[in-house]
Amino acid sequence: MRAIFIVSLVIGALAGFSIAVIIKKQLEMIEFFLLMLVLILELSIIVMIFSTDIQEKLFNQRLKALFVIRQFVAVLLGVIAMFFINLIPLFANLKTNEFKYIYLFPVTLFIGFYIFYLILLNLQYPKKELKTDKNSNIKETLNKFNLGNIKVIVLDTLGQKFANLFAAGVFKPQLLVTSYALENLKEDQFQAIMVHEIGHIKRKHVRKILLGWVITIFYYLAFVYGLESLIDYFVQDIVIFNIVILAILLAGTLQLFLLISYIGRIAEIEADLFVLKSGVDREVYENALKSIYALNYIKGDVSKPLEKIQSHPSLKKRIRILTDVEKKQYKEYFPPFKKVYSTLIAAMVVFFTSYITFGILLPNNNLIKDSANIEKIRLIKYVSASTDVGRNGKKVNLRVEKSITDKKEIQDILRCIRKIKTKSDFANTLFERDYEIEIYKKNSQPTIYSFSSSSGVIMKYVLAEDFVKGGSRPWVGVNKELGKVISKYFNSNEN
């Protein structure tokens, strides 16, 4: 499976790179690499799932044609849904030029993969309800835990060697069983695994896990936006700012996926302990786990880093915990859900407070203070026009001016200008521009900027006298949002 994944990554990388190169001129660099990442991941999934010949050789499976057809439809629909969900932040960024939408990409990536998994699970296997009246052992086990009314759904694996049981349903619990598990697990092993799934139902793990995912997503958003606002408030150098922001995005993404996996492992250990508390013999349950892992070709022992990204603990760790519990050497291997969620909520409040303070309140206070000292902002645009009607009309640049005195609109322009800037060691360098911005402060000379709406480059002008005597330096930066803020004043026909 590792070899399949590596080969599919290479194929996905080549395809993603090719497509991204074609449309690179329309994308920012960060969007270019993120689009490559989306294509690599999704093409990897396609290659892995459609390599049925490799599946047959590796696992000695004779897959039925019906399974391949259903898998094709399920994968196609799942990839389409996942692809469009993953592209939401990229399209939002392209439309608004707002980098902060990129912070949503890890969230849409997780949601996209989860929806892909749901579509795949629900469409690639035919379903039928199992009549528990005809299976006394299943009915007896369900009645023992007062769950005699829940539905048991059998998933026909159509030749695929996939043995598993699932607890499903947020408000109306169901038990899903694959046909391969029914056919290949011994009766006592099947009942032991079934009690494990009943443990998920009795502990309401489906609800708790979904709640945990929601809390984790909000924690991630508070983390990246809170730290970003803090860095934006104190750091002025654009290079340092971008490096720190990238580090925050990577750290937040890593936390998001590790926490999601961690929540799943808590649920699995709780369900394992539920099995022992229900009176199931430990050796029987251990043998059942070993059979499940063997039937699904899952390695029983993995490295610690790999285990941290899995939703289930390794077989070796699960057996060790069960042995410790039976010997009454139990300790809290994982904290309960309530403790984890309360910690995440507390951290979320801290980061959200940082965002409110440094992203909204303090910048606004500074903007209000600065805008109070500004009398007006004059926006100047040079519009190309003909001097007369006819073929020989000459083109001239007409100067169009707009004066802004509204304090809110002044603050919007100031916010954009101050957002990104880098000190420059050169004087007033010429560059392609279509706007000039003049800011008139009380009892002071106006501050003048040049702006290009196409590139988003804005440059502050400095008088030669100030440049030589005072050592003052101009600065240059990029902020495409500014173009949208000021262009609305030049869109009417009267211009």
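In the predicted model, Glu 438 is located in strand S8, which spans residues 435-441. With a relative accessible area of 10%, Glu 438 counts as buried, because this value falls under the 20% limit that is applied to buried residues. The side chain of Glu 438 is joined to that of Tyr 440 by a polar contact of 2.7 Å. When residues up to four places away in sequence are left out, Glu 438 touches Lys 376, Ile 377, Arg 378, Ile 380, Arg 399, Thr 447 and Ile 448. As a general point, side chains in a regular strand alternate between the two faces of the sheet.

Two of the residues touched by Glu 438, Thr 447 and Ile 448, carry numbers that fall in strand S9, which comprises residues 447-451. Strand S9 runs antiparallel to strand S10 (residues 457-460), and the two are joined by 3 bridges; within this pairing, Tyr 449 has Lys 460 of S10 as its bridge partner. The connection between S9 and S10 takes the form of a hairpin with 5 residues between the strands, and Gly 456, which lies in the turn, adopts a positive phi of about 80°. Strand S10 is also paired with strand S11 (residues 475-478), again in the antiparallel sense and over 3 bridges, with Val 457 standing opposite Val 478 of S11. Strand S10 thus appears in two pairings, one with S9 and one with S11.

Helix packing is illustrated by helix H5 (residues 105-123) and helix H9 (residues 205-234), whose axes lie 10 Å apart and enclose an angle of about 160°. H5 is therefore roughly antiparallel to H9, since angles over 145 degrees are assigned to that class. On the H5 side, the contact is made by Pro 106, Val 107, Phe 110 and Tyr 114, whereas H9 contributes Leu 210, Trp 213, Ile 217, Tyr 220 and Leu 221.

For the protein as a whole, 17 helices and 11 strands are assigned, and buried residues make up 43% of the 495 residues. Among the contacts with a separation of 6 or more, 69% are accounted for by residues 24 or more positions apart. The protein exposes about 27,200 Å², of which carbon and sulfur atoms supply 61%.

Definitions and conventions. Residues are numbered from 1 along each chain as its sequence is written. This is a predicted model: local features need pLDDT of at least 70, side-chain atom pairs count only at pLDDT 80 or more; totals for chains, interfaces and linings use all residues. Side-chain values use heavy atoms; hydrogens and water are left out. Helices (H or I, at least four residues) and strands (E, at least two) are DSSP runs, numbered from the N terminus. Buried means under 20% relative accessible area, exposed over 50%, partly exposed in between (1.4 Å probe, protein chains only). Contact means heavy atoms within 4.5 Å. Accessible areas come from the Shrake-Rupley method with a 1.4 Å probe; for residues, only the protein chains shown count as cover. A polar contact is a pair of N or O atoms within 3.5 Å; within protein, one must be able to donate a hydrogen and the other to accept it, and residues adjacent in sequence count only if both atoms are side-chain atoms. Two strands pair if DSSP finds at least two bridges between them. Axes are lines fitted to C-alpha atoms, for helices over the stretch in contact, and angles run from 0 to 180 degrees between N-to-C directions. Angles under 35 degrees count as roughly parallel, over 145 as roughly antiparallel, 65 to 115 as roughly perpendicular and the rest as oblique.
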